[in-house]
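Subject: Structure handover

Dear colleague,

I am passing on to you the structure shown below, together with some notes on what came out of it. Please look through the sequence and the model before reading on.

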Amino acid sequence: MPPIDGSPLSRRAWLTTTSGLIAAGLLKTQADALRLDASEAPLDVGQTPSPAQTAQATRSTGRPDPMKVPGRIVSEVGSRAPGERPTRYLRAEELSSSSRSPLQDFHGIITPSDLHFERHHAGVPDIRLEDHELLIHGMVDRPMVFRMADLMRYPSISRIHFIECSGNGGGIYSRDRMPTDITVQQIDGLISTSEWTGVPLAWVLREVGVRSGASWLLAEGSDAAGLSRSVPIEKGMDDALLAYGQNGEAIRPEQGYPLRLMLPGWEGNTQVKWLRRIEVTDRPTMTREETSKYTDPLGDGTARQFSFVMDAKSVITFPSYPYVLPDRGWWEIKGLAWTGRGRITRVEVSTDGGRRWVDAELQQPVLPLATVRFRHLWNWDGRETVILSRATDETGYVQPTVHELWEARGERTSYHQNHQRAWRVAGDGAVTFGLGELV
Amino acid sequence: MMRSARKLVALGLAAGLVAGCGGGADAGGGQDADASAVAAGGGYTLPQDAPQRFSFGTEASQARVALWDIDVKPDGEGLPDGSGSVEEGEQVYMTQCIACHGLTGTEGPYDRLVATDPWEQWPVNRGIGNYWPYATTLYDYIRRAMPQLTPGSLTADETYAVIAYLLYRNEIVAEDAIMSRETLPAVQMPARGRFVVDDRTGGPTIR
């Protein structure tokens, strides 16, 4: 034990003398005292430290040198580092039924489960695992009820897939309203990616015996909206999943605990959460969500229905508003790309407003129906410019410009706005949403 | 006769959709994905020694199915007994709906219900009168989701009645209309022919 200069027992001395006990887990109740956040706790209690102690125990920030004090002991549930406070974005102007993922704060492709975007139609229901049941009936040989324990007893699989709300990006489609002070989270935060675990629906449909002539499923949630969508049975027999796991733990309540339907690559509202019933049918039910709600007027007097698949898309997450590049030189442009039609094969980046395009690096492995991270090393010369990205998928589909989407669907359609995004970088390094500059 | 004709239309639509979605579903399954994880055709591979049936879960009785089978199909399948008039529906609307949808169904603050504006290119002021293709959807949706704070609390008669009132306000049925299992599926909705099958398939064409 080091000398304490004859001073009364300081906090530091207390830490030193008791560290052995703490390490042994015997002073658990004092664990909070070890949270040495300078803003909350003075270094010493009641005594001015000696210069030597100060030099030893603090750095220029005023916070203690972590090498000079024992760290926190174990905890049952971890938490983010002090200062790391990523949050979902809630739209304040309404009783919010959606929250958006902080895309700008993410490094890889996985969305931390507590930051996965939310969209619900009547709130998040409170459901206990042991109470939940899934009924499968209709054009089947054996109508059956499955408890969660039954479903979790089936062979299981895990897949990494994105889920995107078809309304994602709707805020930057109108020619008349192209904001500049809008974040990537506000624009495109209705996409998240998780590792999902569950039992393929096809295996459970085999259990109940689908009768010939069946062509559709009706999937229904047990929320207060009883949200329901009709799904072609081909998708149900293909890669649909009855998912109960998300990123290694039970699905979060906001994502459908304890059971949701996963329809990889399809618009989020079809991937019914809190799934309680599947009816096998020979026709679509024409629910509210697939008639008056999630349909796409095309400008010619018609509206597109059952627009399930999410088209290829990419977004630059760095640099993006409100970031300010502090100086010219090397910067890595980073972003995410995805497609509902298999794999992303290419992402290109332009740093001159769309005149020239170069291939970005794709982080391997590129998974089907999952986000892929792209990166492009950029030597910024300090001059004002606009940066963009565009994705290509394995079908040869290239993420369109907003002009191309307007041309194809008109300027007032409601969903699936996957056009190229743009960020303006000013001479002072300030980054703002820049699509308005190009239209 | 009428019913089977409708069914044929629905089946035709279904067939078209399935064909239209095939590209996406196939790509989604990833025939070129890891062979160990993905079967040809896009699904998942059961272990080879898996039985045809695991016999997990329990068979559901007819009564059990009926308890949860709340949806209504466009041909009226799933509609319960009961009936309601426009006048009765006005009473239901004024006590159960007005707070969210406004005195005339146009004011909000939540979804607009009454909209009779005809549209050429774009649906203006979307509502039941100009953007709901099936009257049966009203029963399906109101029974499962409305009123917002007490979903499922309306009786069958009240539900038919408020639907009669909403259809009347949208200038689709007459003031003396009675909605029931027989009459509701026969209501012709102005938006019925507006909806087209998704024609996006991937590839170089932007749709």
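The notes below take up a sheet in chain A and then the contact between chains A and B.

Please keep in mind throughout that this is a predicted model.

Within chain A there is an open sheet of four strands, whose order is E16-E17-E21-E20 and whose pairing is antiparallel. Strand E16 (313–318) and strand E20 (361–362) of chain A stand at the edges with a single partner strand each, so that one side of each has no neighbour in the sheet. The partner of E16(A) is strand E17 of chain A, residues 329–338, and five bridges join these two antiparallel strands. As one example of a bridge, A:Phe318 is partnered in E17(A) by A:Lys334.

Turning to the two chains together, the contact takes 73 residues from chain A and 64 residues from chain B. On the side of chain B that touches chain A, at least two residues each are supplied by helix H1 (2–29), strand E1 (58–59), helix H2 (62–68), helix H6 (136–145) and strand E4 (195–197) of chain B, and the largest share, 14 residues, comes from H1(B). By residue type, that side of chain B divides into 34 nonpolar, 15 polar and 15 charged residues.

Strand pairing also links the chains, since strand E15 of chain A, residues 303–305, pairs with E4(B) in the parallel sense over three bridges. There, A:Ala303 stands opposite B:Phe195 in E4(B).

With best wishes

Technical notes:
Residues are numbered from 1 along each chain as its sequence is written. Chains are lettered from A and ligands numbered from 1 in the order in which they are written. This is a predicted model: local features need pLDDT of at least 70, side-chain atom pairs count only at pLDDT 80 or more; totals for chains, interfaces and linings use all residues. Two strands pair if DSSP finds at least two bridges between them. Two residues are in contact if their C-beta atoms, placed from the backbone, lie within 7 Å. Ala, Val, Leu, Ile, Met, Phe, Trp, Tyr, Cys and Pro count as nonpolar, Asp, Glu, Lys and Arg as charged, and the others, Gly among them, as polar.
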